[in-house]
Amino acid sequence: MNYLNVENISKSYGELELFKDVSFSVHKDQKIAFVAKNGSGKTSILNMLAGLDAPDSGQIVFRKDIKISFLPQEPILDPNLTVEESIFNSDNDILKVIKNYEKALLNPEDEDVYQKAFEQMELHQAWDFETQYKQILFKLKLDNLEQKVSTMSGGQKKRLSLANALINKPDLLILDEPTNHLDLEMIEWLESFFAKENMTLFMVTHDRYFLERVCNEIIELDHEELYSYKGNYSYYLEKKEARIEQFETETNKAKQLYKKELGWMRKQPKARTTKSKSRIDDFADIKHKAHQRRKDHVVELELNMERLGSKIVEFHKVSKSFKDKTILDNFNYNFQKSDRIGIIGKNGTGKSTFLNILTGTMEPDAGKVITGDTIKFGYYTQGGITPKPEQKVIDILREFGDHIPLKKGRTISAQQLLERFLFDRKKQYDFVEKLSGGERKRLYLCTVLIQNPNFLILDEPTNDLDIVTLNVLEDFLLDFPGCLMVVSHDRYFMDKIVDHLFVFRGQGVVEDFPGNYSDFRAYDDSKDPEPQEKQNTSEKSSWKKDSNTALSYNEQKEYKNIESKIKSLEFDKTELEKKFLNPDLSQEDIVKLSEKVQAILDEIEEKELRWLELTEKMES
């Protein structure tokens, strides 16, 4: 079943042509990844498929009544809403039915309205919907439904946007870098979910393990030509290499034939036969093929690393906490010259805080961090570049000087260095705010490396970079002679680059694991699963209790709120009872306090009876 056809679309911004005459189609149950270099217009194409942008020419034809959900790179959410309100704020028809039913419950005397709302609930089978969306939220670890969006982390917002997309049960789900801002556990859950679900996907992602395990087709935009590969990432790499080899072979043959034909052309007399005229016409085509060449420029990384002394960085009994959250607890470690460390852990366990303590931008609560005299940090943060208004690409680099030192006493101009990072002379005078996300990250990487660090720290370096640039970065890091520390959710990148891990378990527990990420997963999965199973059983039990379908929609909501209300009342009672200890209370004050305490006790008893009533109904 055909869902959409993209027919000869083109897009330009001023003089910059992103792509021209691009055509492809999406069919039911396809899981397609769209691959192209940074700045080729991948996000623009996704925005067009999602209806947020339009091509300059060509058209996109959608199947009638197709339902599409779009997960953008940066979530678009109302900061004033809660998690639950954000879910109900979508255009989902079933959610509208539930909203109408809730309104009808508030005015039960209007029997006609209530009956219509009830019938719509039956018609759309909306009774189970809250249970279903809560299960998705549970899997995505968004169990605090009352949390405001404004207080959420980047990872939580990404998961909420993902929940919105999944709950809508679209015919086609469009995803722009779905693994960005998600921790490893969440990425692996999403990978497993998409692999087993019969969903139609069209995505842009740099996560090569995700491509390998989820996608069944890859479409590549390469040198303004579109190529389709019916397979996963491994199949794509194999076939692309074969295609390039064939191109080179055909070009070499054309060059040899061109030399031969060129000699014939020069020898030909003025009078031409019909046969020779045909050969002359073919000569133009042969010349074109012979002069074809792939412009496979790649980023050239070179570093004049500062000398590294014997003392690197030493952590001595370092502790750090924020209120009731412990990040480090008597942490000890002496960094060595050859260290290549990866940092993994769930979002919120303190990975970025650790890096800030390491680089001296944050002080520990206790203990010492001793940094060697020769250490020069290069810190690639998630924040990236913050350009000044109307600042150009070349201006960013010239802040570090017009001439940058390289190895063996050589220097390079700012313009030449930018060319090595694939910014041609024309691109160098573009405004930074006009660059794509990947181009900005490439420019930022350039500014970090030209400072010649000997201790390189990379916090999520793979986000938004294209696969070609990632491969070059990996090769560079494999030869990097200094210390290297990487925080990344890109499992492929971690497996290739690091040789041991700091595993942040939370509450100050940091394990030093000797191996890469795949080694760690094999080890972690082989450990005794008993404690985790007990925990999961408990979680599932409490979740089931919270979303039991024996209760109506409003009863489930009431049940969820009763326990927190009882706790709040108990707290109020305790605070009032403390006031009785005041020796200056008059008899009148004591009577008033007693009446307030009794009123709270009556309300607690009422809530507890209702809680028991709902519990019995659930268990019946």
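In this predicted model, the side chains of Arg 208 and Glu 474 meet in a salt bridge, with N and O 2.5 Å apart. The two residues come from distant parts of the chain. Arg 208 belongs to helix 8, residues 208-214, and Glu 474 to helix 15, residues 467-478. Along the sequence, 266 residues separate them. Both Arg 208 and Glu 474 are buried.

## Charged pairs

Why can such pairs form at all? Side chains of opposite charge can pair when their charged atoms come close. The count for this structure comes to 23 salt bridges. Three of them are set out here.

| Pair | Closest N to O distance |
|---|---|
| Arg 208 and Glu 474 | 2.5 Å |
| Lys 230 and Glu 217 | 3.2 Å |
| Lys 496 and Glu 474 | 3.1 Å |

Take the pair of Lys 230 and Glu 217, whose closest N and O atoms are 3.2 Å apart. Lys 230 sits in the loop between strand 9 (225-229) and helix 9 (233-267). Glu 217 is part of strand 8, residues 217-222. The two are 13 residues apart. Is Lys 230 buried or exposed? Lys 230 is exposed, because its relative accessible area is 59%, and the cut-off for exposed is over 50%. Glu 217 has a relative accessibility of 5%, so this residue counts as buried. Buried means under 20%.

Now return to Glu 474. Lys 496 also forms a salt bridge with Glu 474, at 3.1 Å between the closest N and O atoms. Lys 496 lies in helix 16, residues 491-497, and Glu 474 in helix 15, so the pair ties together parts that are 22 residues apart in sequence. Lys 496 is partly exposed, with a relative accessible area of 31%. Glu 474 counts as buried, because its relative accessibility is 0%.

Which residues belong to the network that contains Glu 474? Salt bridges with shared partners join Arg 208, Glu 474, Asp 475, Asp 490 and Lys 496 into one network.

## A negative patch on the surface

Some charged residues gather at the surface. Glu 570, Asp 572, Asp 602, Glu 603, Glu 605, Glu 606 and Glu 608 form a negative patch. Two elements each give two or more residues: helix 19 (553-579) and helix 20 (587-619). Which helix gives the most? Helix 20 does, with five residues.

Asp 572 is one of the residues in the patch. Its place is in helix 19. Asp 572 has a relative accessible area of 33%, so this residue is partly exposed.

## Cysteines and a covered helix

How many disulfides does the structure hold? The number is zero. A disulfide is a covalent bond between the sulfur atoms of two cysteines. Cys 215 counts as buried, at 5% relative accessibility. Cys 446 is buried too, with a relative accessible area of 0%.

Cys 446 can also be placed against Leu 418. Their C-alpha atoms are separated by 7.9 Å, while the residues are 28 apart along the chain. Leu 418 is found in helix 13, residues 414-420. Leu 418 has 0% relative accessibility, so this residue counts as buried.

Helix 11, residues 351-358, is mostly covered. Six of its eight residues are buried. They are Lys 351, Thr 353, Phe 354, Leu 355, Ile 357 and Leu 358. Just after helix 11 comes Gly 360, which takes a positive phi of about 85°.

## Positive phi without glycine

Most residues other than glycine have a negative phi. Two residues here go the other way.

Asp 65 has a positive phi of about 65°, although it is not a glycine. Where does Asp 65 lie? Asp 65 is in the loop between strand 4 (57-62) and strand 5 (68-71). With 70% relative accessibility, Asp 65 counts as exposed.

Gln 507 is not a glycine either, yet has a positive phi of about 55°. Gln 507 is found in the loop between strand 19 (500-506) and strand 20 (509-513). Its relative accessible area is 52%, so Gln 507 is exposed.

Technical notes: Residues numbered from 1 in each chain as written. Predicted model: local features only at pLDDT ≥ 70, side-chain atom pairs only at ≥ 80, totals over all residues. Heavy atoms only, no water. Salt bridge = Lys/Arg side-chain N within 4 Å of Asp/Glu carboxyl O. Helix = DSSP H or I, 4+ residues; strand = E, 2+ residues; numbered from the N terminus. Buried < 20%, exposed > 50% of the residue type's maximum accessible area, 1.4 Å probe, protein only. Disulfide = S-S within 2.5 Å. Patch = residues over 30% accessible without salt bridge, like charges linked within 9 Å, V, L, I, M, F, W, Y side chains within 5 Å. Areas by Shrake-Rupley, 256 points an atom, 1.4 Å probe, with all protein chains shown as cover. Lys, Arg positive; Asp, Glu negative; His and termini not counted. Charge placed at Lys NZ, Arg CZ, Asp CG, Glu CD.
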